[in-house]
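Me: Pick one part of this model and walk me through it up close. I'd like to see how it sits among its neighbours.

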Amino acid sequence: MKETAQHTKGKVSGIIANLVIVQVDGPVAQNEICYIRHSGTALMAEVIKVLGDKAYVQVFESTRGLQPGMEVDFAGHMLEAALGPGILSKNYDGLMHDLDAMTGVFLERGEYTDAFDMGRQWEFRPLAGVGDTVEAGSWLGEVDENNIPHKIMAPFKLEGQYTVKSIARAGTYGVQDHIAILTGHDGREIPVSMVQHWPVKKAVKAYVRKPRPFKLLETGVRTIDTLNPIVEGGTGFIPGPFGSGKTVMQQAISKQAEADIVIVAACGERANEVVDLFTEFPELDDPWTGRKLMERTTIIANTSNMPVAAREASVYTAMAIAEYYRSMGLKVLLLADSTSRWAQALREMSNRMEELPGPDAFPMDLPAIISNFYSRAGIVYLKNGRTGSITFIGTVSPAGGNLKEPVTESTKKVARCFYALSQQRADSKRYPAIDPIESYSKYLEYPELQETLNQQISPGWVGQVEELKNILLRGKEAAEQINILGDDGVSVDTHLIFWKSEVVDAIILQQDAFDEVDARSPLRRQKYMVDKVLAVAQTELAFDSYEEVNPYFKRVIAALKQMNYSEFESPGFRQYEEELQGILEERKPG
Amino acid sequence: METRAFQRIYTRIEQITKATCTVRATGVGYEELAMVAGRAAQVVKIIEDQATLQVFAGTEGIPTNAEVVFMGKSPTLKVGDALAGRFFNAYGQPIDTGPEVEGEEREIGGPSVNPVRRKQPSELITTGIAGIDLNNTLVTGQKIPFFADPDQPFNQVMAMVALRAKADKIILGGIGLTNDDYLYFKNVFENAGALHRIISFVNTTEDPPVERLLVPDMALTAAEYFAVEKKEKVLALLTDMTLYADALSIVSNRMDQIPSKDSMPGSLYSDLAKLYEKAVQFEEGGSITIIAVTTLSGGDITHAIPDNTGYITEGQLFLRRDTEIGKVIVDPFRSLSRLKQLVIGKKTRADHPQVMNAAVRLYADAANARTKLENGFDLTDYDERALEFAREYSRELLAIDVNIDTEKMLEVAWMLFGRYFSQAEVGIKQELMDQYWPKE
């Protein structure tokens, strides 16, 4: 967007909930930010429609008490995020205002705080030299942010190539001090500080290319890593009715995933869930570095009682921050819970503007908006040859648990991993309730991923995963037969097939997110247990009647489960392993 | 709400619908309160000099030359200690014989708590009902509804929970309560000698439906006063939130808004969340816990009202009549308290989480066995034992007339495990089995 030369002013002429109509005296741009002056405060709003000299703006705050005639100042730019060192460990509202810097217990209208400490000093090391040619996103220097090398980059807004005219020497500088001066072809000089601004609704394109993802992103959740893996730079979504464990699932991933940076966008969800993160993350250790989880995490909280318009902004704010860190060559994991709330925010506005509705009263362009957003994820090769990635996982809260609704359907078209939470599994407390048969990871079909998996885990790994899936599928068929024909109406073999799939279910799929040991299962351990479970499935067992099968397999499962609960390769673990061996010996044929 | 000097008065109503009227006026603020021919109304839309007012009591009989007086403020409640023990209508006016309450005037529906100023809920609420305390433990600062069909005894259970919960204040928001239920609550609270810690805002079925929209905000404004200012543990009871949502849909319909699922307004989720999210645990010790009722039609939880509610609240409680034992139980399958993880095994005995899960799993096995039985299949010995376990479990623990402490509930569960199952069948962590498995 070209910045308007003079700042346009306007006056409020109509108010319908958080949609305000402003009579303007000059040019305004779509998505331009403006501030409505209301008894000493300025309420932030965004232009979403222009009709003649009327700008329709959505206000990011309660509009209580607004009156026609109140003055409006247009800012001349779109909704922007301030990007710079100090973002990590922060808790933001949907517009990237620092929640901790706000004073009261209650959120005051129009209290806008800086995204990070603008007075803070950082230890700066230059990475570029005088005379270097740079462009948007080039690394000029770095500071150490929570032990993560935070790159100070040439602003993303730059177009074309620039020459470094001067660069600061290593030393301590304030966030807003100039650390470099860049010269363009036309001789124009651009001073660069550690802070830059970026319009959050636009994708940062400061990279060379985006290959297909090819590297596993370990989450420590067996049913994901083993059966339907998510990859670095991949996209996934978790739809599920309420109570099926979406949030527990996402929290487990955010705690355990092998990422440098985790950004959680709590979008229109429960405040107490965000409080869980606030309370636990500063205490919990990052399993990858041993440092506190909070040090690598940023939380964007627009809880369900916070203003609706800011909810839509919150996911974009989160994505812009993710893109900023990706440009530093880092592995970023972005989680949004829940994208349905964001879609609902769009619906509320579309409704107030009296647009013709699409399915379920959602706006017609919902699928386009969703796919555009997911497409901002991905692994990229930066201009300096390094890689950076954004892995995006969103939850979807389908109305009535029905997956044939617009948000789920639009998301299914773009997200490559589908983790279907099943009410039936949740009801029988089989957590995580991800349905192994309905769910998929398209990445598992990528030859480039298959190759890295076989290398990283063990040769033939993908084959083993296929075998697990087969056992589950055959088990499901056997269960149906048993249900129809009765226990004694089917052969003992059918019971065996069923119970072998139960072993896979209980030991590989089910995982206790609240047990210290079982909550996170590293890849090596997953591999070990997969071998164990497959060995059980391949063991020939002899039974005289079906009645012996059920109690026998309950013992098998109990022993394997105790292994899951024990420290890997500890004496306890070995003891249950031996116990299992004994149980298997009992039924050796002959 | 008497008129005072210098208030702006208008007499040109240009449009009247069943719930709204539009008047030409200047200097009107959004959400401002007004009196239209003596009836309370609120500004819901302003286009230039035309203000649309939602008339709470309905527009029957309002003429186009009616007097419209703007009050210069949004709806308020006077808060103070004198609220305790009193009964009010949807506008916060006394409906008992007592005097007007004097106190600080506060706008209802005020701002949200900054999420970083909340504390993680960690204080257990005990009710003595095992279906709640054992399987779906409640925590202060939680919000949870009963999902119930209209014929179920949800108001009775709610009153019982409220009285046993050791709250400093109980605030009843009666939304379209029948007169009988209103009197029931009044009697129960009176008989328990608890009236001094109860505050009621009541809209009965006799009152206009749109007035109901004010009740939850009134109740929660009072709750916030006691929780913030007095640092008290406040329990807010909202019954029935389905009628609140119905009132929302009436208004949005009158304003020609495009309905989304089940004729509900597209903003239903945000509207409900704004209320439920008032549930909070403050750092200073005060808390607001919300127990609500959402009535279902024929047990259908996919309807927009329970569906949106389920996504907002921290779990839900289902009541069900167990025909085997002839009693109402708290359904262990469909009920859920999301915050229980914060207290069980921490504020209660360490074996609590595993015992709870094992019992529900075995109860599920019994349900499968019952299906087998109904389909005419033979039962295994395990099935028989599971069925017997389920009957005992239902009678001794799930029934709502149980009133024992949590420790006792765990003991009963272990006793039943030992009576009907082997250790391998129960499948709890071995160290816990070693400690609690009943000795012969």
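Reply: Helices here are DSSP runs of H or I at least four residues long, and strands are runs of E of at least two, numbered from the N terminus. Keep in mind that this is a predicted model, where local features need pLDDT of at least 70, side-chain atom pairs count only at pLDDT 80 or more, and totals for chains, interfaces and linings use all residues. Residues count from 1 along each chain as its sequence is written, while chains are lettered from A and ligands numbered from 1 in the order written.

Let's take helix α10 of chain A, residues 461–485. With 25 residues at 1.5 Å each, α10(A) should span 36 Å (1.5 Å times one less than the residue count), and its end C-alpha atoms do sit 36 Å apart, so the two agree. Right after α10(A) comes Gly486(A), with a positive phi near 90°.

Now for what's tucked away. Val465(A), Leu468(A), Ile471(A), Leu472(A), Gly475(A), Ala478(A) and Ile482(A) are the buried residues of α10(A), meaning 20 or more other C-beta atoms, placed from the backbone, within 10 Å of their own (12 or fewer is exposed, in between is partly exposed). These buried residues pack against α1 (222–227), α11 (492–509) and α12 of chain A, a contact being two backbone-placed C-beta atoms within 7 Å.

Follow that last neighbour, α12(A), which covers residues 523–538 and includes Gln538(A). Gln538(A) is exposed because just 9 other C-beta atoms lie within 10 Å. Gln538(A) and Lys500(A) are 38 residues apart in sequence, with 9.2 Å between their C-alpha atoms.
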